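Visitor: Before we start, I would like to hear the reasons behind the terms you use, and not the terms alone. Could you take me through them one at a time?

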There are 2 protein chains.
Amino acid sequence: MLGTKHSGSPGDVWLRPPARAAREAPPLSRDRIVAEAIALLDEEGADRLTMRRLAERLGTGSTTLYWHVKTKNDVLDLALDAIFAAVEIPRADGQDWRAGIAALISGWRAVLLEHPWSAALLGRPMLGPNVLARSEFLYATLLGAGVTGPHLTAAAYGLSNYVIGSALMQATWTAGGEQATRAAAQDRFRADRERYPVLATHGPLAADSDWDSSFALGLTWLLDGIHATVGASMPACATDEASVSAARHARRGRGSSGE
Amino acid sequence: MLGTKHSGSPGDVWLRPPARAAREAPPLSRDRIVAEAIALLDEEGADRLTMRRLAERLGTGSTTLYWHVKTKNDVLDLALDAIFAAVEIPRADGQDWRAGIAALISGWRAVLLEHPWSAALLGRPMLGPNVLARSEFLYATLLGAGVTGPHLTAAAYGLSNYVIGSALMQATWTAGGEQATRAAAQDRFRADRERYPVLATHGPLAADSDWDSSFALGLTWLLDGIHATVGASMPACATDEASVSAARHARRGRGSSGE
DNA sequence: TCGAGGACCGGATCAATGGTCCGGTACTCG
DNA sequence: CGAGTACCGGACCATTGATCCGGTCCTCGA
């Protein structure tokens, strides 16, 4: 009798996890799902994110996720917004608006590059609180600097779109596409040298191409242009220490993604 | 005898398609597949493109496509490159390089907006002949204008990334997301008015936001910045037929200060 | 003390999709 | 005329997002 298997309905008591001890972590919150999704995306890329995979990493069943989240798209939207929490919003500073904006934009770019999968998700409406808060800062700072009306819209758009495009492009050619792609492209250029002579020598894959400084340069141009519209007296293309340090900031890090 | 059925092996001759007449079009070429894919994408959007659907529209079996194309990604890559054939490359003109570049960039943008699904595909390496030819023109024109070294890279990158980001953003908020999304966003802004005061009134969905002129303005800023790097003695703002208008007079007056 | 209700979990299952296997058909060329 | 080749497609498979429905555990009031 002692050894008898008496068949409790779902398995033996002793084989079952001791009640709630199995779930040491809080039962499984939206936040945990999002955090794990980001980790998974960082490690394996966008196309490897599966609900089953994600569930497995969380030690739960795949269908359980749907209790906390409506669709997979929700997970992506939440993850996308979540990473922008790492972009610190500069202190509002009426004096040096350029520095503030440059810092924000550079931080934005740094985050996008730290999570290369995010670039591919930029084609969806970003309405999360983190994104909105930073957009708010951008608009407010520009407005405070005297940029108004159509110029305000154009300035905000120009800056955002520039970061987005830059990050997307860079993520495509560095993190996203492995070196294989890049090498193949290089070969392609060389092979069709007579067809694309300039590209072959000065193209984007040329030796002197430096993503960070190129980005900083373009940012300076945009800021200069915006600056000029407010009718300030400073020259349009001055030495801009702000964006230079911004580029430095963007290149740094990578090792410790302070959360 | 005339009415006799003599039973050709697989069905009657008259019931069988007259040999090759059934396929009026060339049997099914890569080009036809790509063209139909573009049509399908234009009509129904990116996520509705299925190999089966595509095959059905072509009046063929889905698996047949794989004879002409290796994967679905190939179809997307080919389609993406194909639409850029519509961007006409301006005549090389040593004099007015700004006009040429502005035309190219604007054409690029126009194509991206005409095929909103393309924006979502920008995150993949674009190495097709059409794209390369236009990049070649961009680099060559800049080089001919005296933009060299890091400035050349930065200029080409800035311009490309700006178009890409702009198109991606606009496609997200107009064609891609239906008005529903936009209206919801509008509501969101209004609801959180105290949290995002500036966004609520001056935000991207404000009444005076005009995609086209905003884009033109930003493009002018970039071109001005590029112009300034060539060491010409002219002030950074030059005569540019279409896009300038607004930005000009703002900087006009005190241009004497500094350089 | 108990039992009803709700928060939370997951196995079985479905439909859609990208892609492969393999056997066909029709045309061409020697 | 027979073999080779370009081309086609039905059957099939694994993966994936998502749902159904039945379970388990906790809470809270009577």
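Guide: Let us begin with what an axis is here: a line fitted to C-alpha atoms, taken for helices over the stretch in contact, with angles that run from 0 to 180 degrees between N-to-C directions. Please keep in mind throughout that this is a predicted model.

Visitor: With that in hand, what makes α5(A) and α7(A) roughly antiparallel to each other?

Guide: The axes of α5(A) and α7(A) cross at roughly 155° and come within 10 Å. Angles over 145 degrees count as roughly antiparallel, and therefore α5(A) is described as roughly antiparallel to α7(A). The crossing of α5(A) past α7(A) is left-handed.

Visitor: Which residues make that contact, on α5(A) and on α7(A)?

Guide: From α5(A) come W97(A), G100(A), I101(A), L104(A) and W108(A), while α7(A) contributes V131(A), R134(A), F137(A), L138(A), T141(A) and L142(A). By class, the residues of this contact between α5(A) and α7(A) are 8 nonpolar, 2 polar and 1 charged.

Visitor: Why is the pair α5(A) and α11(A) called oblique?

Guide: Helix α11 of chain A covers residues 211–229, and α5(A) packs against α11(A) at an angle of about 140°, with the axes 11 Å apart. Roughly antiparallel would need an angle over 145 degrees, and roughly perpendicular would need 65 to 115; the angle of about 140° meets neither condition, and the two helices are therefore oblique to each other. In this case α5(A) passes α11(A) in a right-handed crossing.

Visitor: What residues of α5(A) and α11(A) meet there?

Guide: On the α5(A) side they are W97(A), R98(A), I101(A), A102(A), I105(A), S106(A) and R109(A), and on the α11(A) side W211(A), D212(A), F215(A), L219(A), T220(A), L223(A), D224(A), I226(A) and H227(A). The contact of α5(A) with α11(A) divides into 9 nonpolar, 3 polar and 4 charged residues.

Visitor: How do you know that α5(A) is largely enclosed by the rest of the structure?

Guide: A residue is buried when its relative accessible area is under 20%. Of the 18 residues of α5(A), 15 are buried, so this helix is largely enclosed by the rest of the structure. As for its length, α5(A) runs over residues 97–114 and reaches 26 Å from its first C-alpha to its last, close to the 26 Å expected at 1.5 Å a residue.

Visitor: How do you know that the span of α7(A) agrees with what is expected?

Guide: At 1.5 Å a residue, the 16 residues of α7(A), 129–144, should span 22 Å, and because the end C-alpha atoms are 22 Å apart, the two values agree. Among the buried residues of α7(A) are V131(A), L132(A), R134(A), E136(A) and F137(A). After α7(A) comes G146(A), whose phi is positive, near 100°.

Visitor: Turning to both chains, what makes α11(A) and α11(B) roughly perpendicular?

Guide: The axes of α11(A) and α11(B) cross at roughly 110° and come within 8 Å. Angles of 65 to 115 degrees count as roughly perpendicular, and so the term applies to α11(A) and α11(B). Their crossing is right-handed. In this contact G218(A), W221(A), L222(A), G225(A), I226(A) and T229(A) meet G218(B), W221(B), L222(B), G225(B), I226(B) and T229(B), which by class gives 6 nonpolar, 6 polar and no charged residues.

Visitor: Why is E44(A) called partly exposed?

Guide: Partly exposed lies between under 20%, which is buried, and over 50%, which is exposed; E44(A) has a relative accessible area of 31%, and so it is partly exposed. E44(A) belongs to helix α1 of chain A, residues 30–44. Leaving aside residues up to four places away in sequence, E44(A) touches R53(A) and R57(A). The C-alpha atoms of E44(A) and W117(A) are 9.2 Å apart, although 73 residues separate them in sequence.

Visitor: And what makes R190(A) partly exposed?

Guide: Exposed would require over 50%, and R190(A) has a relative accessible area of 49%, so it is partly exposed. The place of R190(A) is in helix α9, residues 179–191 of chain A.

Visitor: How many helices and strands does chain A have?

Guide: Chain A has 12 helices and 0 strands, and buried residues make up 46% of its 259 residues.

Note on methods
Residues are numbered from 1 along each chain as its sequence is written. Chains are lettered from A and ligands numbered from 1 in the order in which they are written. This is a predicted model: local features need pLDDT of at least 70, side-chain atom pairs count only at pLDDT 80 or more; totals for chains, interfaces and linings use all residues. Side-chain values use heavy atoms; hydrogens and water are left out. Helices (H or I, at least four residues) and strands (E, at least two) are DSSP runs, numbered from the N terminus. The expected span of a helix is 1.5 Å times one less than its number of residues. Buried means under 20% relative accessible area, exposed over 50%, partly exposed in between (1.4 Å probe, protein chains only). Angles under 35 degrees count as roughly parallel, over 145 as roughly antiparallel, 65 to 115 as roughly perpendicular and the rest as oblique. A crossing is left-handed if the near helix is turned anticlockwise from the far one by less than a right angle, and right-handed if clockwise. Contact means heavy atoms within 4.5 Å. Ala, Val, Leu, Ile, Met, Phe, Trp, Tyr, Cys and Pro count as nonpolar, Asp, Glu, Lys and Arg as charged, and the others, Gly among them, as polar.
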